[in-house]
Amino acid sequence: MDDKEYVGFATLPNQVHRKSVKKGFDFTLMVAGESGLGKSTLVNSLFLTDLYRDRKLLSAEERIMQTVEITKHAVDIEEKGVKLRLTIVDTPGFGDAVNNTECWKPVAEYIDQQFEQYFRDESGLNRKNIQDNRVHCCLYFISPFGHGLRPLDVEFMRALHQRVNIVPILAKADTLTPPEVERKKRKIREEIEHFGIKVYQFPDCDSDEDEDFKLQDQALKESIPFAVIGSNTVVEARGRRVRGRLYPWGIVEVENPGHCDFVKLRTMLVRTHMQDLKDVTRETHYENYRAQCIQSMTRLVVKERNRKDRSRN
Ligand code: GDP
């Protein structure tokens, strides 16, 4: 084997690596769920940026009148020379109205519009600089105060699971004791199954991965829905400065795995599954949309042709 001449294609991964680093990466994350569940706080904690500097909070009166609105915040973050353009899509007003029937509709329409735009751009003349605004992941926040899912949660997830990767989140986990967290998680998982909701499925581990990685992967799969805590403040705990929440009886630390699943969620989103979330968006959700589009276009053409044939005879 050793005398085999070296052609050089073993450098292909390096070439791909250099090219993609030069181009930079992008990721679009949507957050949804009732207001006040800590969505903006969590996003800020996740990416250590203040993405909501210009946010205006509405009064109850204004919220009654308001319909679901979609807002976008983008930031460029850089780490060790790798650039990431992060877009956060928020859905203020979701679940705030007196009557929330079909309040998932504007969100579904938004996701479809991004697919439509991409489909148009991809079929157009200039395909070089397509801006890809497709939503790669939706963190859906579930209230810690209910008994499992509420009808609105079921409706939302059922309406969107074919369009986007949904990752369920149990919000404000510091308001629950550990057995309560476990009980709520189990109930939510059962209900997700019962209502036929297809949340994002972590891909199976390759059989040649090491044992540690497999265990970590198993733990990740069993953590759904991620019980998280968010905080925009840094406090002092055990002589260290940490992101946390200070209560008269103690401190909850956002990044302490014994306190919540925040680190697991961030590792999954950023370190281990970001590319898979993008692949599933492209290969499954966008493909579904594209196939439906082409089918309905073909149907239209056939209908038109039949109509013409009939009028000719
Ligand atoms: P959003 O409307 O869903 O974006 O919620 P915000 O991020 O604005 O948070 C609403 C309130 O909940 C604020 O007072 C936050 O300080 C508080 N909050 C955010 N995250 C948590 C959490 O994990 N636990 C607790 N107890 N409160 C939180």
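## Strands that pair

Two strands count as paired if DSSP finds at least two bridges between them. With that in mind, welcome to this predicted model. A good place to start is the hairpin formed by β2 and β3, which has two residues between its strands. In the turn sits Lys80, whose phi is positive, at about 45°.

Strand β2 covers residues 71–79, and its pairing with β3 is antiparallel, over nine bridges. Strand β3 (residues 82–90) also has a parallel partner: strand β1 (residues 25–32), joined to β3 by seven bridges. Follow β1 to Val31 and you will find that its bridge partner in β3 is Asp90.

## A pair linked in two ways

Now look at Asp76, whose bridge partner in β3 is Arg85. These two residues also form a salt bridge, and their closest N and O atoms are 2.9 Å apart. Asp76 counts as exposed because its relative accessibility is 57%, over the 50% cut-off. Arg85, with a relative accessible area of 37%, is partly exposed.

## Salt bridges elsewhere

Across the whole structure, a search finds 22 salt bridges. One of them joins Arg163 to Asp112, with 3.1 Å between the closest N and O atoms. Arg163 lies in the loop between α5 (151–160) and β5 (166–170), while Asp112 belongs to helix α4 (residues 105–123), so this pair ties together parts that are 51 residues apart in sequence. Both partners count as partly exposed: Arg163 has a relative accessibility of 25%, and Asp112 has 21%.

Another salt bridge links Asp132 with Arg134, where the closest N and O atoms are 2.8 Å apart. Is Arg134 buried or exposed? Arg134 counts as buried, because its relative accessibility is 4%, under the 20% cut-off. There is also a network to look for: Glu34, Arg150 and Asp153 are joined into one by salt bridges that share partners.

## A positive patch on the surface

Finally, turn to the surface around helix α1, which spans residues 12–23 and includes Lys19. Which residues gather there in a patch of positive charge? They are Arg18, Lys19, Lys22 and Lys23. Lys19 counts as exposed because its relative accessibility is 64%, over the 50% cut-off.

How values were computed: Residues numbered from 1 in each chain as written. Predicted model: local features only at pLDDT ≥ 70, side-chain atom pairs only at ≥ 80, totals over all residues. Heavy atoms only, no water. Patch = residues over 30% accessible without salt bridge, like charges linked within 9 Å, V, L, I, M, F, W, Y side chains within 5 Å. Areas by Shrake-Rupley, 256 points an atom, 1.4 Å probe, with all protein chains shown as cover. Salt bridge = Lys/Arg side-chain N within 4 Å of Asp/Glu carboxyl O. Lys, Arg positive; Asp, Glu negative; His and termini not counted. Charge placed at Lys NZ, Arg CZ, Asp CG, Glu CD. Helix = DSSP H or I, 4+ residues; strand = E, 2+ residues; numbered from the N terminus. Buried < 20%, exposed > 50% of the residue type's maximum accessible area, 1.4 Å probe, protein only.
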